[in-house]
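Let's take a walk through this structure together, one piece at a time. Have a look at the picture, and then we'll start.

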Amino acid sequence: MTEQYLPEARHSPLHELHEQLGASFTDFAGWLMPVRYSSDLAEHHAVRTAAGIFDISHMAEISVTGPDAAAFLDHALAGLISAVPLGRAKYSLILEESGGILDDLIVYHLKQGQYFVVANAGNRDVVVSALQDRSAGFDVQLADLTDDIVLIAVQGPQSRAIVAEALDVPGLADLKYYACTDGTFGEADVIVARTGYTGEDGYELYVDVPDAAALWQALVAAGASRGLVPAGLASRDTLRLEAGMPLYGHELGLDTLPEQAGLGRVVNLTKDFVGKHGIEAGPADGARVLVGLVSEGKRAGRAGYPVLHGDVEVGTITSGALSPTLGYPIAMAYVDKNLSEPGTTLDIDVRGSRVAASVVPLPFYKKENHG
Amino acid sequence: MADKTTLQYTAEHEWVLVEGSVATVGITAYAAEKLGDIVFVDLPKAGSTVAEGKVVGEIESTKSVGELFAPVNGTVVEANEAVSASPELVNSDPFGEGWLLKVRFESLPTLLSFDEYSALVGE
């Protein structure tokens with residue numbers, strides 16, 4: 001329980017607002033970010049039933065522009081970015097030559113020849129440097145805009161009404177999942193994307209630092225009558241876990257091929273890209289695969305806990321929690337492929353005692369489809 | 001709710017209320033807040049023997065697992081069943097309804113005063 005903040009931990013441009021709201025902070029990838037404001041369970045439930053507002057300014061934003069931008073991204077990333085229409089977003093991966101995952105990221109196609117790559121905070125330098133290395137021979141310009149941009153996520157069934165009231169976003173009602181458009185907040189330009197990391201409907205808003213605090217406050221005001229609460233990284237983690245979304249460093253890493261993580265669909269083998277040879281070679285014999293596990297009771301398996309079949313260790317949990325929405329323990333784990341079929345019964349070693357678990361398909365939680 | 005200033009404390013963020021030869025044990029508000037929302041509490045049964053400084057239970061939040069250490073040598077006379085059923089009591093009233101154990105002890109080790117504990121957690 002000893003917590004020490006690194007002296008060099010970076011603050012979000014909204015840090016003072018969070019302090020005024022009574023946030024507790026945690027060090028995340030070198031950033032001191034809100035972990036919760038009051039109760040992480042209440043924040044979790046608010047996102048599922050109403051709305052939550054998150055400051056995720058630690059995420060890295062890299063702009064890619066120039067005549068060769070699409071061709072460059074096709075080369076640098078695993079997905080076919082050139083096929084992403086204007087105003088759409090795509091979840092993708094950046095791989096090393098071996099096929100191992102350097103990061104997972106979202107690419108937004110903002111304007112003709114202009115893309116926005118959003119990467120994990122902890123991989124910012126790795127991604128920027130890999131993109132730079134891979135840009136040789138392409139007519140593109142790369143710019144790391146992380147320090148200039150605040151990223152605010154508004155997530156939950158009330159999020160559209162809140163965004164509609166706080167900003168001017170033409171066509172918001174028709175903005176599809178994984179689409180993006182330009183909005184304005186007063187004089188400020190805001191990129192509005194219907195994306196998120198909670199498994200709930202929601203929006204991610206990219207705004208320049210000087211306008212960010214006013215935008216946050218306008219969203220909070222618009223959400224006041226709609227159940228919006230500020231939400232921290234603790235609830236963000238349980239929300240994404242219920243939604244079966246991977247977290248880099250837990251479900252994804254350099255020693256993981258996309259196929260093992262259930263992300264084979266993200267890789268496009270009709271083109272050449274860095275990592276293709278590793279992907280074509282395939283995972284090593286005996287490589288484990290990502291599964292969902294559910295169990296009864298209240299004791300959750302957590303990251304690092306062994307998964308057993310009989311007395312044999314057959315896997316390891318990468319993320320786990322008592323699901324706030326479902327009320328039972330859920331976990332993601334890498335297990336031996338022959339034990340990865342839904343319905344398979346395994347045991348989790350929870351600090352020395354065995355808890356029976358079943359393999360289930362991901363995600364654990366899926367929002368009701370309102371069309 | 002117990003008067004925090006008259007309780008004794010451990011460096012493992014437990015509070016101890018001594019009444020005769022029985023110590024009531026809970027975790028401090030500081031510890032509860034650090035853990036986050038507590039969703040599961042595993043406590044020893046009445047009658048079990050506990051040893052000072054040894055792990056006797058677990059307190060799980062959505063995010064992490066905290067261990068409960070016995071602050072004294074003795075025998076558990078009661079575990080708080082209300083907390084097993086409603087673990088959130090540890091967050092809402094850590095010094096009162098969120099108590100965890102009552103332990104009958106023979107001798108009391110040196111524990112921290114309120115001022116010493118406050119200094120430890122920097123509050």
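What percentage of the 123 residues in chain B do buried residues make up? The answer is 42%, where a residue counts as buried if 20 or more other C-beta atoms, placed from the backbone, lie within 10 Å of its own (12 or fewer makes it exposed, and anything in between partly exposed).

A quick word on what you're looking at. This is a predicted model, in which local features need pLDDT of at least 70 and side-chain atom pairs count only at pLDDT 80 or more, while totals for chains, interfaces and linings use all residues. Residues are numbered from 1 along each chain as its sequence is written, and chains are lettered from A, with ligands numbered from 1, in the order in which they are written.

Let's stay with chain B. Chain B has four helices and nine strands (DSSP runs numbered from the N terminus: H or I of at least four residues for helices, E of at least two for strands). Following the sequence, you meet them in the pattern β-β-β-α-β-β-β-β-β-α-α-β-α. The radius of gyration of chain B is 13 Å, close to the 14 Å that the globule rule gives for 123 residues, so chain B is as compact as a globular protein of that length. That radius is taken over C-alpha atoms, and the rule is 2.2 Å times the number of residues to the power 0.38. Along its principal axes, the C-alpha trace of chain B spans about 35 × 35 × 25 Å.

Now for the sheet in chain B. Six strands form an open sheet in the order β1-β2-β3-β9-β8-β5, with antiparallel pairing; two strands pair if DSSP finds at least two bridges between them. Why do β1 (8-9) and β5 (49-50) of chain B each have one side without a neighbour in the sheet? Both stand at the edges with a single partner strand, so one side of each is left free of a neighbour. For β5(B), two bridges lead to the antiparallel strand β8 (residues 74-79) of chain B, and there Val50(B) has Gly74(B) as its bridge partner.

Over to chain A, whose domain assignment (from an automatic or database source) gives domain 1 (1-280) and domain 2 (288-360). Their C-alpha centres lie 28 Å apart. Each domain brings 14 residues to the contact between them, with contact meaning that C-beta atoms, placed from the backbone, lie within 7 Å. On the domain 1 side, α2(A) gives the most, with four residues.

Chain A also holds a closed barrel of six strands, running β15-β18-β17-β16-β19-β20 with antiparallel pairing. Look at strand β15 (residues 289-295) of chain A: six of its seven residues are buried, so the rest of the structure largely encloses it. β15(A) pairs with strand β18 (residues 329-335) of chain A over six bridges, and Val291(A) stands opposite Ala333(A) there. Four bridges join β15(A) to strand β20 (residues 353-360) of chain A, where Val294(A) has Ser358(A) as its bridge partner.

Finally, see where the chains meet. Here 14 residues of chain A are in contact with eleven residues of chain B. On the chain A side, α2 (40-49), α7 (233-242) and β17 (312-322) each supply at least two residues.

How values were computed: Two residues are in contact if their C-beta atoms, placed from the backbone, lie within 7 Å.
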